[in-house]
Amino acid sequence: LAVSELKPGQRQQLGDYRGVFVMYVEPGSPAQEAGVERGDVVLTVNGASVPTLESYQRAMQQVKPGGTIRLLVRREERSGPDKTAWRNTWVAFTRR
């Protein structure tokens with residue numbers, strides 16, 4: 001996964017939610033197979049809040065290869081031609 005800090009406009013859309021923005025998901029990776037998508041906002045890693053890039057990196061470094069990564073992500077979904085809605089979803093995968 002390649003992630004970045006949220007931009008001010010993204011933070012406004014999310015309201016009280018804080019996390020990191022998924023910019024890229026490697027094709028065929030465990031994250032992609034688990035359902036992580038470009039545009040997701042990672043809110044937690046294994047139960048730890050990740051409001052900043054630094055906190056995300058720390059949380060990911062704690063997971064050893066072969067360990068399970070559980071992410072709570074907030075995802076924007078189209079609910080009509082002019083409407084979008086945000087929902088939270090869990091994804092889990094094994095770290096390579």
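**Around Thr44, Val50 and helix H3**

Leaving out residues up to four places away in sequence, Thr44 touches Ser49, Val50, Arg70, Leu71, Leu72 and Trp90. Thr44 itself sits in strand E3. The structure is a predicted model, and in it Thr44 has a relative accessible area of 11%. That puts Thr44 under the 20% cut-off, so the residue counts as buried.

Now for the chain as a whole. The protein chain holds three helices and six strands, and from the N terminus on these elements run β-α-β-α-β-β-α-β-β. The C-alpha trace spans about 40 × 25 × 20 Å along its principal axes. For 96 residues, a compact globule would be expected to have a radius of gyration near 12 Å, and the 13 Å found for the protein chain agrees with that. Of the 96 residues, 36% are buried. Taking contacts between residues at least 6 apart in sequence, 49% join residues at least 24 apart. As for the outside, the accessible surface of the protein chain comes to about 5,900 Å², and carbon and sulfur atoms account for 47% of that. The chain carries 14 positive and 10 negative charges, and the mean positions of the two sets are 3 Å apart.

Back to the neighbourhood of Thr44, and to one of its partners, Val50. Val50 belongs to the loop between E4 and H3. With a relative accessible area of 0%, Val50 is buried. Setting aside neighbours within four places in sequence, Val50 is in contact with Arg18, Gly19 and Val20, with Val42, Leu43, Thr44 and Val45, and with Ser55, Tyr56 and Ala59. Tyr24 is 26 residues away from Val50 along the chain, and the C-alpha atoms of the two are separated by 17 Å.

Pro51 is found in that loop too, between E4 and H3. Its relative accessibility is 38%, so Pro51 counts as partly exposed. Beyond residues up to four places away in sequence, Pro51 touches Glu5, Arg18 and Gly19. Two of these, Arg18 and Gly19, also turn up among the contacts of Val50. Measured out from C-alpha to C-alpha in the model, Pro51 and Asn88 are 15 Å apart in space, with their positions 37 residues apart in sequence.

Helix H3 covers residues 53-61, and its buried residues are Ser55, Tyr56, Ala59 and Met60. Viewed down the axis of H3, these buried residues fall within an arc of 135 degrees, so they line one face of the helix. The spacing makes sense, because an α-helix has 3.6 residues a turn and residues three or four places apart point the same way. Over on the other side of H3, Glu54 and Gln61 are exposed. The buried residues of H3 pack against strands E1 (2-5), E2 (20-24), E3 (41-45), E4 (48-49) and E5 (68-78). Among the buried residues of H3, Ser55, Tyr56 and Ala59 are in contact with Val50.

One last spot is the loop between E3 and E4, where Asn46 lies. Most residues other than glycine have a negative phi. Asn46, although not a glycine, has a positive phi of about 50 degrees. At 29% relative accessibility, Asn46 counts as partly exposed.

Technical notes
Residues numbered from 1 in each chain as written. Predicted model: local features only at pLDDT ≥ 70, side-chain atom pairs only at ≥ 80, totals over all residues. Heavy atoms only, no water. Buried < 20%, exposed > 50% of the residue type's maximum accessible area, 1.4 Å probe, protein only. Helix = DSSP H or I, 4+ residues; strand = E, 2+ residues; numbered from the N terminus. Arc of directions from axis to C-beta. Contact = heavy atoms within 4.5 Å. Rg over C-alpha atoms; globule rule 2.2 N^0.38 Å. Areas by Shrake-Rupley, 256 points an atom, 1.4 Å probe, with all protein chains shown as cover. Lys, Arg positive; Asp, Glu negative; His and termini not counted. Charge placed at Lys NZ, Arg CZ, Asp CG, Glu CD.
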